[in-house]
Amino acid sequence: MGVNPAAPKEPEAKRPTRMGPWRFVVWFGTVSLLADFVYEGARSITGPLLASLGASALVVGVVTGAGEAAALGLRLVSGPLADRTRRFWGLAISGYALTVVSVPLLGVAGVLWAACVLVVAERVGKAVRSPAKDTLLSHATAATGRGRGFAVHEAMDQIGALVGPLLVAGVLALTGNDYGPALGVLAVPGIAVLLLLFWLRARVPEPEAYEREVEAAAAAPPVAQDGRLPRAFWTYAAFTAATTTGFATFGVLSYHLVERHLLGAAWVPVLYAAAMAVDAVAALATGWLYDRYGARVLVALPVLTAGVVALAFTDTLAIAVAGSLVWGAAMGIQESTLRATVADLVPSGRRATAYGLFAGVVGAASLAGGALTGGLYGHSIPMLITVVVVIQVLAVVLLAVTRVTRR
């Protein structure tokens with residue numbers, strides 16, 4: 001039977017224009033890799049740069065401290081703003097743009113006050129984008145597995161954090177410590193960040209569709225969203241605050257190594273790089289375990305946190321180095337699996353707000369932890385170990401009473 005060429009053709013089924021969830025996670029990881037290349041490269045020389053413009057140690061401390069406070073504290077505003085406006089892409093792109101523009105300008109600022117403003121502006125960019133970025137990523141990880149998706153993103157993030165400072169160090173060596181070219185070269189990955197973001201937004205304008213598809217395939221009932229954060233989120237935030245309060249900073253760890261003449265100052269960046277490599281491996285491992293066994297794997301975090309102070313503050317080089325590597329493993333869990341769990345605790349309609357509040361809790365606990373470990377280190381290391389262990393026992397209890405429903 002012949003076919004009438006004049007007969008109207010049936011419309012072809014439209015092929016999806018967006019990419020698969022794993023490709024989205026990897027491309028978003030590439031954005032973070034390039035962004036870390038930019039801002040970690042700049043942060044690695046912020047102190048010497050400001051000093052070259054006449055800053056005292058006090059000014060460097062105040063400016064960098066204000067930047068970190070802005071990076072965490074302003075998320076209490078940007079998170080609810082993202083949920084209220086639903087402009088996740090717009091906020092993410094704006095935050096990245098502020099960062100990648102501020103860094104090259106920092107190299108040509110020329111005067112101290114302008115450089116100080118740009119240092120803080122770069123951190124404000126992180127505050128603007130982070131809740132929106134984590135929310136966008138959380139939608140795709142509903143399909144890939146929360147733990148694995150956030151873990152792959154964190155591992156790629158760390159690659160940029162390693163390569164950026166090394167490139168800056170190389171340019172400084174070639175130019176005789178000229179900060180202009182060293183920071184100017186970071187404009188190239190910065191431009192790539194923005195181009196990738198616009199491309200991703202065009203390909204996947206609504207990442208929340210990933211999560212809706214997973215829920216539809218599982219025939220899951222819609223999650224009630226009454227505007228309040230679940231009680232389990234607050235318990236989980238308390239767990240995070242407890243385990244972070246006992247977490248020693250790398251600054252304190254490296255201070256111990258150098259002051260006790262266990263390690264030369266030139267080797268500290270090498271040890272930090274090794275800890276970042278452990279960070280990436282730990283993120284991947286715990287991400288996979290989280291998807292398989294759930295939030296119970298987070299019990300490893302207080303165990304590692306207690307292990308850091310027990311190992312790192314000894315007077316034996318090998319043991320102290322091992323403690324620093326354990327610190328890297330704990331960082332990997334903090335930066336990946338902790339964020340993945342927030343997405344399983346909070347419905348999508350309030351998730352950016354939750355990420356903003358969560359960052360505020362982590363920031364406050366980090367400040368308390370740095371003061372606690374630094375203060376007790378100068379008083380009594382055995383007391384420091386005892387206090388941290390007690391806090392981590394409390395953290396385990398709080399984790400036990402946190403009921404996490406993996407969506």
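Salt bridges number 11 in this predicted model. Several of them can be placed in their structural setting, and a convenient starting point is the pair formed by neighbours in sequence, arginine 123 and glutamate 122. Their side chains meet in a salt bridge with an N to O distance of 2.9 Å. Both partners, arginine 123 and glutamate 122, are buried.

A second salt bridge joins aspartate 344 to arginine 146, with 3.0 Å between the closest N and O atoms. Aspartate 344 belongs to helix α16 (residues 337–345), whereas arginine 146 belongs to helix α7 (residues 146–175), so this pair ties together parts that lie 198 residues apart in sequence. Here, too, burial applies to each partner: aspartate 344 is buried, and arginine 146 is buried as well. The pair also takes part in a wider arrangement, since a network of salt bridges links Arg146 and Asp344 with Glu211 and Arg351.

Loops contribute as well. Aspartate 315 and arginine 260 form a salt bridge whose closest N and O atoms are 2.7 Å apart. Aspartate 315 sits in the loop between α14 and α15 (317–335), and arginine 260 sits in the loop between α12 (250–259) and α13 (268–293); the pair therefore ties together parts separated by 55 residues in sequence. Arginine 260 is partly exposed, its relative accessible area being 36%.

Attention now turns to a helix pair. Helix α14 (residues 300–312) packs with helix α18 (residues 381–400) at an angle of about 175 degrees, and the two axes are 9 Å apart. Because angles over 145 degrees count as roughly antiparallel, that description applies to α14 and α18. On the α14 side, the contact is made by Pro302, Thr305, Ala306, Val309 and Ala310. These residues meet Ile385, Val388, Val389, Gln392, Ala395 and Val396 of α18. By class, the residues of this contact comprise 9 nonpolar and 2 polar, with no charged residue among them. The two polar members are Thr305 in α14 and Gln392 in α18.

How confident is the predictor in the protein, on average? The mean pLDDT is 84, and 90% of the residues score at least 70. A stretch that calls for caution in reading is residues 1–17, where pLDDT stays under 50. For this stretch, the model has 1 contact beyond four places in sequence.

Notes. Residues are numbered from 1 along each chain as its sequence is written. This is a predicted model: local features need pLDDT of at least 70, side-chain atom pairs count only at pLDDT 80 or more; totals for chains, interfaces and linings use all residues. Side-chain values use heavy atoms; hydrogens and water are left out. Axes are lines fitted to C-alpha atoms, for helices over the stretch in contact, and angles run from 0 to 180 degrees between N-to-C directions. Helices (H or I, at least four residues) and strands (E, at least two) are DSSP runs, numbered from the N terminus. Angles under 35 degrees count as roughly parallel, over 145 as roughly antiparallel, 65 to 115 as roughly perpendicular and the rest as oblique. Contact means heavy atoms within 4.5 Å. A salt bridge is a side-chain nitrogen of Lys or Arg within 4 Å of a carboxyl oxygen of Asp or Glu. Buried means under 20% relative accessible area, exposed over 50%, partly exposed in between (1.4 Å probe, protein chains only). pLDDT is the predictor's confidence in each residue, from 0 to 100.
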